[in-house]
Structures are given as C-alpha cells and as structure tokens.
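Here's an informal walk through a two-chain model. Have the structure open and follow along from chain to chain.

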Number of protein chains: 2
Amino acid sequence: MKAQILTIGDEILIGQIVDTNSAWMGQQLNLQGIQVDKIISLSDSQEAITKGIDQAFAEADIILMTGGLGPTKDDITKKTIADYFGVDMYFDESTFNRIQRLFKKLGREPLEAHRLQSYMPTNADILMNKMGTAPGMWFEKDGKILVSMPGVPYEMKYLMSEEVLPRLKKQFPGKPIAHRTILTTGEGESRLAAKIDSFVEALPSNIKMAYLPGIAQVRLRLTGTGDDEIALNDLLDKKVEELKPQISEFIYGYENEKLEEVLGKILKEKGKTLCTAESCTGGYIAHKITSISGASAYFMGGIVAYDNAVKMNQLQVQSSTLEKHGAVSEETVIEMVKGVIKLLKTDLAVAISGIAGPTGGTPEKPVGTIWIAVGDKNNIKSYKLNLWKDRMKNIEYSTTVALNVIRKFLLEL
Amino acid sequence: MKAQILTIGDEILIGQIVDTNSAWMGQQLNLQGIQVDKIISLSDSQEAITKGIDQAFAEADIILMTGGLGPTKDDITKKTIADYFGVDMYFDESTFNRIQRLFKKLGREPLEAHRLQSYMPTNADILMNKMGTAPGMWFEKDGKILVSMPGVPYEMKYLMSEEVLPRLKKQFPGKPIAHRTILTTGEGESRLAAKIDSFVEALPSNIKMAYLPGIAQVRLRLTGTGDDEIALNDLLDKKVEELKPQISEFIYGYENEKLEEVLGKILKEKGKTLCTAESCTGGYIAHKITSISGASAYFMGGIVAYDNAVKMNQLQVQSSTLEKHGAVSEETVIEMVKGVIKLLKTDLAVAISGIAGPTGGTPEKPVGTIWIAVGDKNNIKSYKLNLWKDRMKNIEYSTTVALNVIRKFLLEL
C-alpha cells in the first residue's frame, strides 16, 4: 500500500514556511503500515496540481493533499480537483450552515468568499472540519483514493485523526510495520557502523537499519515489516537487545527522548543537584537543561563566566592559574567546577571553557580547542575537544558532550 | 529558469525529521531570481532516485539534491547518480587527503567507509565541503544542471553559499532582481500591515511586499524586478526610506542582521558593558548574546538564577520580596538587575523571571506570565508579558523581547 503526500502552496516553494505537515502525516501513515514513497510540494497553479495528481495516481494508491482550500484567490485546489475528475460543483447547504454557525460564534458575518467555500465537487465525500471553514474531501477512482485537506496544521491534524486515518485503516487493513530507535552519542556514524557491521549484515530481510546522524549524535533506526504484529514487535525487541551490548557505552536513550531529558531523569532518580559554569558556550548548556519542564527539581542555576573577572571573582579561579595555563585549560575548568559547586551549593557541576571561533585561536590552542570538566566534591574528570572553526557548531557539539559527560559521571556514582 | 529540489532519505518520508533544508534552499534560490517549481522527497532507493532525477530533468533546468552521501550503506545517492549518467567512479586523492587531514586534526584514523567516500563519478565537478567528509558534486548534461549535496543542514548551507549559488549566478545571470529586508519586532503582522497599508497599495507593479513572520519578529521584504539594475536598486532604497518613518519604533535592523548582533554593535559604539540575570529563560539570553563572535568586548557574563536560593544568595534579592511578591514579579526582576550589576560590575543588566510552562501557573499568574527588567545604576525599566502555554515558544519570545528592550534602553542613553 503506497501513499504520496502533495502539499500545495507557493509559500512552501519560496521557503516562506517550512512544511511540517508532511512529516506528521508520514509518521501517522507509517504507524498504520502505509508507506509514503514520495512527498511533493507544488505551486498554486492548476497545471502543476493536475500534473501532480496524474503522476501520483500513476505511482501510488493513496494521495493525501493539503493546502489551497482557503477563501482567497490563490487557493484553487478544489476547482482543479473537480476539473480533474470532470465533475461539476454544487452548493452544499450543510457546509454553508456550519460556516454560518462558526461565524455567529465569533460574532461576525461570513463574507462572499466563505459562501463560495461551500461549493463542492459532486463526487466528493465531505469530511467535516470542526476546526475551520474549509471541509476536507474524500474521492475514490478505480480503487484508488485522493484526499484533500486544508494546509493549516491543526485543521489537517483534526481531519487526519478523526476522518482520514480511521477510513484508511478500514479500507486497507495492511501489513504491520514497527520501528525501534536507539539514540547514541560519543561515536561517529562510520565507527558506529563498523562496530555493528556483522549485526546489520545478519538482520533478517524484513528488518532494515538506518543511521540518522546529527551534531555529536547518531540515531539508529530499525524498521520491520511482518504479517504478525506481536511476533514482529518481539523480533524487534530481541534485535535491540542483541544490539545493545555491542555499543552500550554510546547509547543514551530510545525513541524520542532528548539527552537533556535523560540526564534530568537520572538526576531525579539519584536525588542529585546540578549547576553549570560556562565560558565558551555562554549559557547554552544551562538553556538545554532548563528546556526540560521540571528542571527546577535538580538544576539550581549557573554562572556564565564569559570574562576572566567573573571566573576569578565568582568562581574563585586563581589568577595564577589563568596566567600560567590560560582560560582555556584543564586547570581552569577544574577550578571552575570546584568554584561553582561551592558557590551554588550543588552535588555536581559541569564547567566549560574554549575557543568557539571563528577567531581567537593561537598555534598551541587553535579555534575549536575546548576543555570540559565534570565532578562533585570528591572527584573531577576532564575532557579536551578539538573541534571546528564554526562557532555555532562548536557550541552545539560541546554542549552535547558536556551533557553526556554529566550523564556518564552520574551513572558511575 | 526553473529549479526542483530533491531531498533523499527514508527518515523524511516516515516523518522522523522535518525537511528544513528545502525551505532554506527555496529562499536562497528565490532571492537569486530562480523559481523553485517543485520540492520532492524520495526514498533511499536506487529506483526512486533514478526516476526522480528523470522526472525532474524533464521539467526543470536545475536539480538540487540533498542527502544520501554519508559513509553508511543506506546512503546510495552517489552510486545512483553515476549509474544514471552511465559513468564509472574513480578514487579522488584530493578528497581522501582532505578527509585524512580532517581526521588527523581530531586525532583519529579514517575508516574504510571514509576511503569509499572518496570515490567520485568521473563526470562530477567536486565541490569542496569544509564542514564534513562528503563533498558536493556538480554535474552538467545538455545545458541542465544537477547538484548533489549532503543532507546535514550546515554542510548543505556551506556548499550552497560558497559554491552552488555563486556558480548558478554566473551561469544564469537572468533579469535583475533585488531585495530589501526590514527587520521589525514589537508589533504583530496584522497591525504592522494595517499601519503600512497605503504604502503597500501605492507600490509600483514591479515591487512586491512580503510579510515574513517569526517568533516576536516580522521581516518585511520588498522584492523588485527591472531591466536596469542601478535604477531598480535606487527605487528600492527610496521605498525603504519612505517606509521607515511609518514604523520606525519597530525597526531594529536590515537584511540578515540578527537582533543580538545589532545589540552588540550598539554596546560597542556606546562603550557599555552588559550582564544577564535569568530565571525562566535559563541561560538562553546569554546564549543569544554570546552567539555573536566578539561578544567578549561588551558581555561580562551572567547568572542563571533558576532556584530562589541563587536569586537571594548571588543576586541579593530580598527574601521578603520573594515572600510578598513571588519570584515572578516586577519587584523581583528589579532587584535582580540591581544585584547582578553590583555582582558582575557592568554598566547595564537585563533580568527575567516568569512561568515558562507548560505547568506551574496559578490563577493570578498563569503560565506565560513573564517579567523583564532592564537598566543601569540610575534607571530601571520593567515589562510584563502574557504569553502562551508552550515552553520553548515562551523562552524564544521573551528572549527576543529582552534583547530588544536592552537595545531600546541603550538608544535612549
């Protein structure tokens, strides 16, 4: 069962908006065992839409379209579909009544443009849209399906959840499909692949492995198909268990977890508190930690010690340390950890100092040299990174490493 | 001149990642007068990619592909393109040398998979990728162009900016097109539009206005076309000058400037130093300020006072203030400004405290209630925001407001 998603709108093609609808629809269809084999974004033009439908019907069984159903002049999807099927439009009283009620609730009068929205192709099965004025439409042709929905994300999601997905499930019960995602950090894509090469080679033909790299992270995704949903899920679980010991030191979580979320959970479980002392990341580590709701249970606060005066006055880094070893040194980040734990009275702290770039490097300490220390009052560990010339990439990468070394430190407590 | 964008990867089709590359590429091409008439996301399959290239070449002059160039087995784009053109692959020494140097810097050895990344189709013009291991590739066929780039956004952006866009400009000079972007904050899209309605109505037919809304920001873009580049640029400059006085209080910059960059320039010009005291934004304001290279000239550091103990002990917020008014109050943020200026010895400070959500609200202070104060030792101004239930949106929005109120405070000094 193959599906294609067609998103209509010039605003997508000129990059004015990012098409987030397709990803959501892809997820939902996939969970239901319907494979999306193409996503196409098209212009608001009758010619482009007609050709797009033709090509999609030639390649897939289900076409899901979004966009171009609004009341303005550039929204032409509905008329184009009617012409494509060679049918007329009729005035749909029940749609217009619903629009009138919606406007009455808002204390407004519908415009002529909204009356025109009530004209429907005669072959459309109308999908009631409780979230907006434009209904969805369901068409069938030679056993294939075309669905047209508004592009407004919450309207589309409502129609998908309430109408489209249940109808598709009924019409195409389909073959079960399931996924497992393993989240790793600390090892690059190629090295990770080399480590699990024989595991991947030995996977049964109904299970595929994909590597999804990010900054300082690689997600591994196993996708399986099968006839028996329970057996398939058991097999995937078994494969994950087989995989785990081969790369256990790099795995930080599963599915949609975030590293900062996993870190928060461990801090809560262990009843430990944390603070930060940041130079080159300038608050980004603290931001990541506090982006998780409930972080106040374990995160006390942090010092952004951008200037050396702050390192000395607030964090008690010795001026002799800065003179002898420099602000970007193992000695400095170790003193930062000690100083910030004393100052903010937490169990643990992480400290970071480096040259984020693109300027400021020296031959001994080129741009991208970053020191991280993590510890408690008994024990401090330090790490040196040699990264790139790109400031944002260095900040992002070193923050991920910092979060991960705190996680690892906690696990050894 | 028509272009199509092909993004390759099963992770897009199953909705595991949102394709943000296409929107960025669409914007950049559009700015250069190249129209994107279709964006297509395809599976990691030789058949799908081959067919996708065929269809795109039939419809467009330029194909820009991203994805499928990594070192792992599911990345098959390069081999598919070579087969499509019927050419062999050769081992490109210079690419392998670059990869080796990259790994040497990281203190690691390249793997066999990286050696394989150095095989290139014989008809490829290699685009050096300073941001990663996989080079971009430029192909020409019957006057049409195919470009293949990695899917990692910063690698793609680097290759587009440094290689692809300049080459396209050279090859397809086209009719002069020019843009002016005016950056605003502090007023919503509809109200802004109402204020400049008559200006927009009176624009000549060769100049179009677009509203590009973001979080707490609206960019206004004027796009003009004409036969004479100099006259066109003069006309656009004149229009910008006409527009300015109508919305001057909301304009913070032009073109690609960032608010934090504009703020940094003003701080430098005025010779003032800044620090931050953040509760609900958890370091995000400091992060934004320090994301600008050279921020150390005016930014001393900041305190992330997440816990009330940090507000009291480091920032000298009175316990009576916290008891009487709460941590989210005008009184608290004013004391935070005073405290952090004293502590970090800067000319100016900004402080923020609020309920970022999604939980933690009360009837008097619902989620989204955020107080901001900005000032120096003579004068402090405070602002109250009533935002949403969405944590990240609240953090992002209030950070933008905070940066802007510092900017405005500075301009009045």
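What follows goes from the domains of chain A to the contact between the chains, then to the cores and a few backbone oddities.

Keep in mind that this is a predicted model.

**Chain A, domain by domain**

Chain A splits into domain 1 (2-171), domain 2 (177-254) and domain 3 (259-411). Taken over C-alpha atoms, the centres of domain 1 and domain 2 of chain A are 36 Å apart. For a pair of single residues, try A:Lys130 and A:Pro245: they're 115 residues apart along the chain, and 49 Å separates their C-alpha atoms. A:Lys130 sits in the loop between β6 (125-127) and β7 (136-141) of chain A. A:Lys130 counts as exposed because it has 10 C-beta neighbours inside 10 Å, and the cut-off for exposed is 12 or fewer.

Now look at the open sheet of chain A, where four strands line up as β10-β11-β9-β12 with antiparallel pairing. β10 (207-214) and β12 (251-254) of chain A are the edge strands, each pairing on one side only. From one strand to the next, the twist averages 25°. Inside the sheet, β9 (177-185) and β11 (217-225) of chain A pair antiparallel over nine bridges, with A:Arg180 opposite A:Leu222 in β11(A). Helix α10 (residues 229-243) of chain A lies across β9, β10 and β11 of that chain, and runs at about 15° to β9(A).

**Where the chains meet**

How many residues of chain B are in contact with chain A? The count is 62 residues of chain B, against 59 residues of chain A. Several elements of chain B each supply at least two residues to that side, including α2 (21-31), β2 (35-42), α12 (284-290), β14 (299-304) and α16 (391-411). The largest share, seven residues, comes from β2(B). By residue type, the side of chain B that touches chain A divides into 32 nonpolar, 22 polar and eight charged.

β2(B) also pairs across the chains: five bridges join β2 (residues 35-42) of chain A to β2(B), and the two run antiparallel. To find the spot, look for A:Ile39, which stands opposite B:Ser41 in β2(B).

**Cores**

Nonpolar side chains tend to be buried together in soluble globular proteins. Here the largest nonpolar core has 128 residues, and A:Val337, A:Val340, B:Val337 and B:Val340 touch the most other members. Leaving aside neighbours within four places in sequence, B:Val337 is in contact with B:Ala277, B:Ala349, B:Ala351, B:Ala373, B:Val374, B:Gly375 and B:Ile380. Another core, of 77 residues, lies apart from the largest one, and A:Ile39, A:Ala124, B:Leu13 and B:Ala124 are among its members.

Two of the contacts of B:Val337, B:Gly375 and B:Ile380, also face each other, with B:Ile380 in β17(B). That's part of a hairpin, in which four residues link β16(B) to β17(B). β16 (residues 369-375) and β17 (residues 380-386) of chain B run antiparallel and are joined by seven bridges.

Over in helix α4 (residues 77-85) of chain B, the buried residues are B:Thr77, B:Lys78, B:Thr80, B:Ile81 and B:Ala82. Their cover includes β1 (2-8), α3 (46-59), β3 (62-66), β4 (89-91), β5 (119-121) and β8 (144-149) of chain B.

**Backbone oddities**

Which residues of chain B have a positive phi? Three are set out here, including the glycine that follows α4(B).

| Residue | Phi | Place |
|---|---|---|
| B:Gly86 | near 65° | after α4(B) |
| B:Ala216 | near 65° | loop between β10 (207-214) and β11 (217-225) of chain B |
| B:Glu255 | about 55° | loop between β12 (251-254) and α11 (259-270) of chain B |

Neither B:Ala216 nor B:Glu255 is a glycine. Are these two buried or exposed? B:Ala216 is buried, with 21 other C-beta atoms within 10 Å. B:Glu255 counts as exposed, as it has 11 C-beta neighbours inside 10 Å.

Finally, check the cis peptide bonds. One joins A:Gly357 and A:Pro358, with omega about 0°, and A:Pro358 lies in the loop between β15 (348-354) and β16 (369-375) of chain A. In chain B, a cis bond joins B:Gly357 and B:Pro358, again with omega about 0°. B:Pro358 is in the loop between β15 (348-354) and β16 of chain B.

Key:
Residues numbered from 1 in each chain as written. Chains lettered and ligands numbered in written order. Predicted model: local features only at pLDDT ≥ 70, side-chain atom pairs only at ≥ 80, totals over all residues. Buried ≥ 20, exposed ≤ 12 C-beta atoms within 10 Å, placed from the backbone. Contact = placed C-beta atoms within 7 Å. Nonpolar A, V, L, I, M, F, W, Y, C, P; charged D, E, K, R; others polar. Pairing = 2+ DSSP bridges. Axes fitted to C-alpha atoms, helices over the stretch in contact; angles between N-to-C directions. Core = buried A, V, L, I, M, F, W, Y, C linked by C-beta atoms within 7 Å. Domains from an automatic or database assignment.
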